[in-house]
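Student: I am new to this structure. Please take me through one part of it closely.

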Amino acid sequence: MNAAAAVANTRRRFLPATALLAAFTLAALLGLGALFFLPGRAPAAEGGAPANTAPPAATEERPTRSGDTLDSMILPPVYTEEEKARAARPNEDDPPRTKAENIPGDAPDETGDDSPGKTGPRGGNGNSAAAPDKKSEIIRLFGFVEFRRPLKNMPKWERVLNEMKKSGGFEALIQKSGRKDLPDRWEALKKSADSADTTGKMKAVNAFFNQWPYRTDMENYGVPDYWATPLEFLKRSGDCEDYAIIKYYALKELGVPAGDMRLVVLKDTLRNLDHAVLAVYTDGAAYILDNVSNLILSHSRLKHYKPAVSLNESSIWAHIKPK
């Protein structure tokens, strides 16, 4: 066999194998190209799964306090495009509030407790007829936009409300507390508050109940989160929302309208934990009663507080940070 014939014979022998190898090489190159360059794909992460594999259906991650959880807290609802647009606008561009969005005192709240003689959010008698333009009086609690809804799906707070309706009133709870000196001390506070304005009442009530020692729900009830009634607090003390609850009812007993107050569940970004306080609307601002301090400060001074929800006996407000 001459050299030309040998070469031709070799080509015939190895051409199928060469073609097959080329096909495999081309397929491999195409696969790598798809892996690295096609849209929507990414290299596999450690463990073999693609790095951008769609996660399972998202669940709301709820913040927790030290030794406490807030599984019953209502997180801000899904907002409409209109509401998102409102959140992005600066304060001066906000439209006047509708009846369902009025700040406490702008109109009689559902409890009807906005009668003349009551201290309203402007430090007067709560009569909205003499109120200045509502647009100028919008209060963004801690600088957040808020959306109001009827109160629902708050079983722990609703339990407190129902127990208070059956309690016979705040005075009866003072008598039932089992603390022998408490009726006299409360009576002295009431007498001193008779001539005080809303600020004076707030200071007295805040300092009075901050004397109770802080106790976690796990210590008191063996559960991570429990909202205590005022009577339970008087007997056992409690944690942050329990202080806020009893201050709410104490101020209501002293004549502060329920519509001018809210329990506020928030994030304390300094201590990196969840917290609850009482907000009272008076003199054109919101003032905060806090179990960590006897000082009564305007909400605008507490930049480290980020509210999630606030509520009273008739409504719940969701809060989102404006863009």
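Student: Which residue just after H9 takes a positive phi? Please look closely at H9 and what surrounds it.

Tutor: Gly255 does, with a positive phi of about 105°. Before going on, note that this is a predicted model, in which local features need pLDDT of at least 70, side-chain atom pairs count only at pLDDT 80 or more, and totals for chains, interfaces and linings use all residues. Residues are numbered from 1 along each chain as its sequence is written, and side-chain values use heavy atoms, with hydrogens and water left out.

Start with the whole chain. It has nine helices and nine strands. Helices (H or I, at least four residues) and strands (E, at least two) are DSSP runs, numbered from the N terminus. Of the 323 residues in the chain, 41% are buried. Buried means under 20% relative accessible area, exposed means over 50%, and partly exposed lies in between (1.4 Å probe, protein chains only). A contact means heavy atoms within 4.5 Å. Among contacts between residues at least 6 apart in sequence, 65% join residues at least 24 apart.

Now the helix itself. H9 has 14 residues, and at 1.5 Å a residue they should span 20 Å. The expected span is 1.5 Å times one less than the number of residues. The end C-alpha atoms of H9 are 20 Å apart, which agrees. Twelve of the 14 residues are buried, so H9 is largely enclosed by the rest of the structure. Charged names appear in the buried list, including Glu241, Asp242 and Lys247. Ala, Val, Leu, Ile, Met, Phe, Trp, Tyr, Cys and Pro count as nonpolar, Asp, Glu, Lys and Arg as charged, and the others, Gly among them, as polar. Cys240, Tyr243, Ala244 and Ile245 are also among the buried residues of H9.

Look at the loop between helix H8 (230-236) and H9, where Ser237 is found. Ser237 has a positive phi of about 65°, although it is not a glycine. Ser237 counts as buried, at 0% relative accessibility.

Next, a helix partner. The axes of helix H3 (residues 155-165) and H9 (residues 240-253) come within 12 Å and cross at roughly 35°. Axes are lines fitted to C-alpha atoms, for helices over the stretch in contact, and angles run from 0 to 180 degrees between N-to-C directions. H3 passes H9 in a right-handed crossing. A crossing is right-handed if the near helix is turned clockwise from the far one by less than a right angle, and left-handed if anticlockwise. From H3, Trp157, Val160, Leu161 and Met164 meet Ile245, Tyr248 and Tyr249 in H9. By class, this contact has seven nonpolar residues, no polar and no charged ones.

H9 also leads to the strands. Ala244 is in contact with Val277, and Val277 is found in strand E5 (residues 273-282). Val277 is buried, with a relative accessible area of 0%. Its contacts, leaving aside neighbours within four places in sequence, also include Leu263, Ile288 and Tyr305. Val277 and Pro307 are 30 residues apart in sequence, yet 9.9 Å apart in space, C-alpha to C-alpha.

After E5 comes a loop to E6, and Asp283 is found there. Asp283 has a positive phi of about 55° although it is not a glycine. Asp283 is partly exposed, with a relative accessible area of 42%. Tyr287 is found in strand E6 (residues 285-290). At 22% relative accessibility, Tyr287 counts as partly exposed. Among the residues that Tyr287 touches are Met202, Leu278 and Ile296.

Follow Tyr305 and Pro307 to strand E8 (residues 305-311), where five of the seven residues are buried, so E8 is largely enclosed by the rest of the structure. Strand E4 (residues 261-268) and E8 run antiparallel, joined by six bridges. Two strands pair if DSSP finds at least two bridges between them. Leu263 stands opposite Leu311 in E8. On to strand E9 (residues 315-320): three bridges join it to E8, again antiparallel. E8 and E9 form a hairpin with three residues between them. Leu311 stands opposite Ile316, and Val309 opposite Ala318.

E9 has six of six residues buried, so it too is largely enclosed. Ser315, Trp317 and His319 point one way, while Ile316, Ala318 and Ile320 point the other. Strand E3 (residues 145-150) pairs with E9 in the antiparallel sense over six bridges. There, Val145 stands opposite Ile320.
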